[in-house]
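The following exercises concern the reading of secondary structure, packing and burial from a set of coordinates. Please inspect the sequence and the structure before turning to the solutions.

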Amino acid sequence: MFFVPPKGNITHNLKLASLGVGAMAAASSGPWSPPTAAQSPDAPIRINLSQAKAPVPPSLYGIFMEELSHAFDGGIYAELIQNRSFEEGVLPPGMKLVEKDDGTLKMELTKLPAGVPKDKWDMPWPWNMGCGWDPKRELIGWSLHNEGSATGDMIPTEANPMNKASSRSLKLTVSTGGAGWVELVNSGYWGIHAQADTDYQLKFHLRPGSFKGKVRASLRSSEGKELASHDFGAVTPGETWTRHAATLKATGTDPKAEFVLQFQGTGTLQLDWVSLFPPTYKNRPNGLRPDLANHLEQMKPSFIRYPGGCYVEGHSFEGAPDWRTMVCPPEDRPGTWSVWQYRSTDGFGYHEFLQFCEDIGSNALYVAFCGMTCHPENNWPLDQIDPVIQQTLDAIEYALGPVTSKWGAVRAKMGHPAPFPLKYIEIGNEHPPALYGDYYKKFRAAIKAKYPDMVVIMSMFWSGLNPDAIARAGDENIDLVDEHSYKPSGWIRNNFDYFDKYPRKPWGVYVGEYAHHHANGDWSAAMDDSVYLMMLERNGDLVKMASYAPLFVNVNHRSWGVNLIEFDSSRSFVHASYHVQKTYAENRPDVNLATTVVKPPSDASQSLLAGRFGLGGWSTLNEFKELRVYDENDKLVFSDDFANLDHWDTPGKGQWKVEGGVLKQTDAGIAPAMLFLKERFNKGRVTVKARRTGGIEGFQLLFGTDRPERGIVCNYGGWGNTKTSFEALLTDSLTVRNHGEVLEPLENEHWYEASLVLGSQSAEMLLDGKAVSKLEAEPMPAFFATAGYRKEDGMVIVKATNYGAEPLLTEIRLEGVSQVAANGEHIVIRADQPADENTLERPDLIKPVVQPLTGCSQSFPVTLPPHSVNVLRIPAK
């Protein structure tokens, strides 16, 4: 996983209704009628039960858990106190702070292996985005308030540590003079969810020092009302750390409550490891938040991958996560600073991960640090890698070894003498160097020698295979390769045969991280994911496992744009892709069946490129004049000599003004700059004089868009002023192909004539009357279907996605069948619009609806609603 910017979100209504006999489905909010019985099917699906294809492995559907976006701390790990051990300001091992030119701080490695030149010491993109350092974070979550005449101050200190894992504690100086209190307040993770009649387990450690006085703890609402309290009584001076504990029972509810420790007296004391736990999943100590754990349990994943992701790699060798520090009481865990720019407590550590796998009946997939960090040059020397390999072997022994073994005994000490369900080990995460193949091969050989049944997974890079690393490892030495697949909206619609064309080698494929990206994970992305999963099922001979990523996001700290489950302190919801995967997993066939889908023909006369027309640029000062628009018969229909901006949808993006008959964009820092005409441009020709007067690129004509992030660009002097060509932005319903480019820079201060000729499904861009590039567009495929058979209940299972805005009449034609029951089921997941998505306020906007499927036979019609994912369950033999 690597860094992407977060997105926005949009929500709409969803209404569901039955369509009648033989076709039960969800209806949109607007009225529409199903096709009549006499209508010919738009897209028949022919399924042959006598022709079995690839099996669909039971291991296919799993989940991936990584600590980012506060998925663990402030998420599924139920601890309510943020920065509980005051370690947030501790620099990761192996790193140093360097002041940047702007006065802010960043982290750099203290060293690199011998032979790495100095010019490669900087952390490269995108990992350098995780190297920022904010010294104000050291007391994040905490604040100090003086009540009455009391005075106090606080500062982190490294003196008198509580234990070896705790390098810092909080030093408090208190003076109340017998009146008032000094209040130490923790806001939790954007609020503490206090619930009435609920018990909260409090623990903290205190070194009194010179302090003599009273200590009191409470939960307080956002309006200042006390919801629970406990008096710890008098504290006398002393130099020993002591543990204090209490149960706080809340009398009211507030998702934005705060925790307060009050001190009355005089002196200086130290405080460390302040912990507050609500009731947890299965009532386990140091446990999990029930609603989030239940979301995962309901998915019934065949496996869980943990703990990363980039989290596994670390900035440095010394800072990489070490599972051995996570199989001990939480107070003894030092935590890990990761590339996601905050410290994890590792409270949801290796032991808790294995326990959760057992609790929900999933196999464990542990991703091991392989000696290669985020920095591609910072690799543990291969000839010295044995201690790192031993660390992985010990992790396996902890999960599987007998209690008489070293690490099996530690597991038993942690309260679990029986083995855990560890089945898979992945070696590192997303390492691009070919050298990684040598690391994987050495790790795998050592693991197989001791644990021959362990499945050892080889990680690939962000997308696609790493052929050089595979070659160095050797096909025969690989169990599975882990390919990650983050795709733009619509990608699968043009690549449904991606795995059909994949090389068949001795190894299989695990898609460890997949997701289509649009908004925060809207319905268009979920429809794409449904088709992607169809492709994985259809290629079950190759693809053995898959898991969506990322899994969790705290809405107050979004490190990644698209996630499966979102939450705040008190609420959570699942995105539509969750429902898609869960429904598909619950209806996984044993085997694929030969399936032929006749797709509806496209309309060659449909105008695909119509939309708004605009002018723009990218980090460049631009000027435009003498705009002319001609219709498809080359008749002048509009002209603008820029006396004003009356015809334009101002203010646009950037700094736009008219001056002396010239339209100017005057901010070279805007990327992209855009200004659109109010009227649409459907067909015809546009000419405009344009020039660049500064900045890094040329100028742009924009068309075929209804919103800025969608459309096509005539990019003159784009790509750093190196070439001129069409550039398609996200076009989630079109397949766009362009031909031709000019590889020359544009001159500064030189007026060019830019022209666009636009047809229904094609376009041509010209520069000074000379053709530069041609573009052709066609509708993306809008209907996909696969079918399989499950022997246990004698069920034909059809999965079908209709992207279209209209209902689609299909006909199920079953061949090689002797008996078909009259009644089945039709599971529908759909939305009114592709941009719809679930939110905290409307968590059930999109969800599955199960309805009867009647009139089943060897050939029968089914209507698939607009914008829908469908699962048909047809009893047949």
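The exercises below are each followed by a stepwise solution.

The model is predicted: local features need pLDDT of at least 70, side-chain atom pairs count only at pLDDT 80 or more, and totals for chains, interfaces and linings use all residues. Residues are numbered from 1 along each chain as its sequence is written, and side-chain values use heavy atoms, with hydrogens and water left out.

**Exercise 1. The nine-stranded sheet**

Task: Determine the strand order of the open sheet of nine strands and identify its edge strands.

Solution.
Step 1. Helices (H or I, at least four residues) and strands (E, at least two) are DSSP runs, numbered from the N terminus. Two strands pair if DSSP finds at least two bridges between them.
Step 2. With mixed pairing, the order of the open sheet is S47-S46-S49-S44-S43-S28-S1-S45-S48.
Step 3. Strand S47 (849-853) and strand S48 (859-864) are the edge strands, each pairing on one side only. From one strand to the next, the twist averages 30 degrees; angles run from 0 to 180 degrees between N-to-C directions, and axes are lines fitted to C-alpha atoms, for helices over the stretch in contact.
Step 4. Strand S1 (residues 45-55) joins strand S28 (residues 591-597) through six bridges in the antiparallel sense, and Pro55 is opposite Val591 of S28. S28 also pairs with strand S43 (residues 783-790), antiparallel, over two bridges; here Asn592 faces Gly788 of S43.
Step 5. S1 and strand S45 (residues 808-815) run parallel, with four bridges, and Asn48 has Glu815 in S45 as its bridge partner.

**Exercise 2. Helices on the sheet and against each other**

Task: Describe how H7 and H8 lie on the strands, and then characterise the contact of H1 with H8.

Solution.
Step 1. Helix H7 (residues 523-538) lies across S1, S28, S43, strand S44 (795-802), strand S46 (824-830) and strand S49 (868-875), and runs at about 140 degrees to S44.
Step 2. H8 packs on the sheet and touches S43, S44, S46 and S49, with a direction at about 165 degrees to that of S46.
Step 3. The axis of H8 (residues 576-586) comes within 9 Å of that of helix H1 (residues 290-299), and the two cross at roughly 35 degrees.
Step 4. Contact means heavy atoms within 4.5 Å. From H1, the residues His295, Gln298 and Met299 meet Tyr578, Gln581, Lys582 and Glu586 of H8. By class, two of these residues are nonpolar, three polar and two charged.

**Exercise 3. Length and burial of helix H3**

Task: Compare the expected span of H3 with the distance between its end C-alpha atoms, and state which residues of H3 are buried.

Solution.
Step 1. The expected span of a helix is 1.5 Å times one less than its number of residues.
Step 2. Helix H3 (residues 386-400) has 15 residues and should therefore span 21 Å; its end C-alpha atoms are 21 Å apart, in agreement.
Step 3. Buried means under 20% relative accessible area, exposed over 50%, and partly exposed in between (1.4 Å probe, protein chains only). Eleven of the 15 residues of H3 are buried, among them Val388, Ile389, Leu393, Ile396 and Tyr398, together with Asp394 and Glu397.
Step 4. The cover over these buried residues includes helix H2 (350-360), strand S19 (363-368), helix H4 (406-413), strand S20 (422-427) and helix H5 (436-450).

**Exercise 4. Cysteines**

Task: How many disulfides does the whole structure have?

Solution.
Step 1. A disulfide is a pair of cysteine sulfur atoms within 2.5 Å. The search finds zero.
Step 2. For Cys131, the nearest cysteine sulfur is that of Cys374, 8.2 Å away. Cys131 is buried, at a relative accessible area of 3%.
Step 3. For Cys310, the nearest cysteine sulfur is likewise that of Cys374, 5.4 Å away. Cys310 counts as buried at 1% relative accessibility.

**Exercise 5. Two individual residues**

Task: Are Asn738 and Glu331 buried or partly exposed?

Solution.
Step 1. Asn738, in strand S39 (residues 734-739), is partly exposed because its relative accessible area is 35%. Its C-alpha lies 6.7 Å from that of Ser773, although Asn738 and Ser773 are 35 residues apart in sequence.
Step 2. Glu331 is in the loop between strand S16 (303-306) and strand S17 (336-337), and counts as buried because its relative accessibility is 14%. Beyond its neighbours within four places in sequence, Glu331 has contacts including Lys203, His205, Arg243 and Trp273.

How values were computed: Ala, Val, Leu, Ile, Met, Phe, Trp, Tyr, Cys and Pro count as nonpolar, Asp, Glu, Lys and Arg as charged, and the others, Gly among them, as polar.
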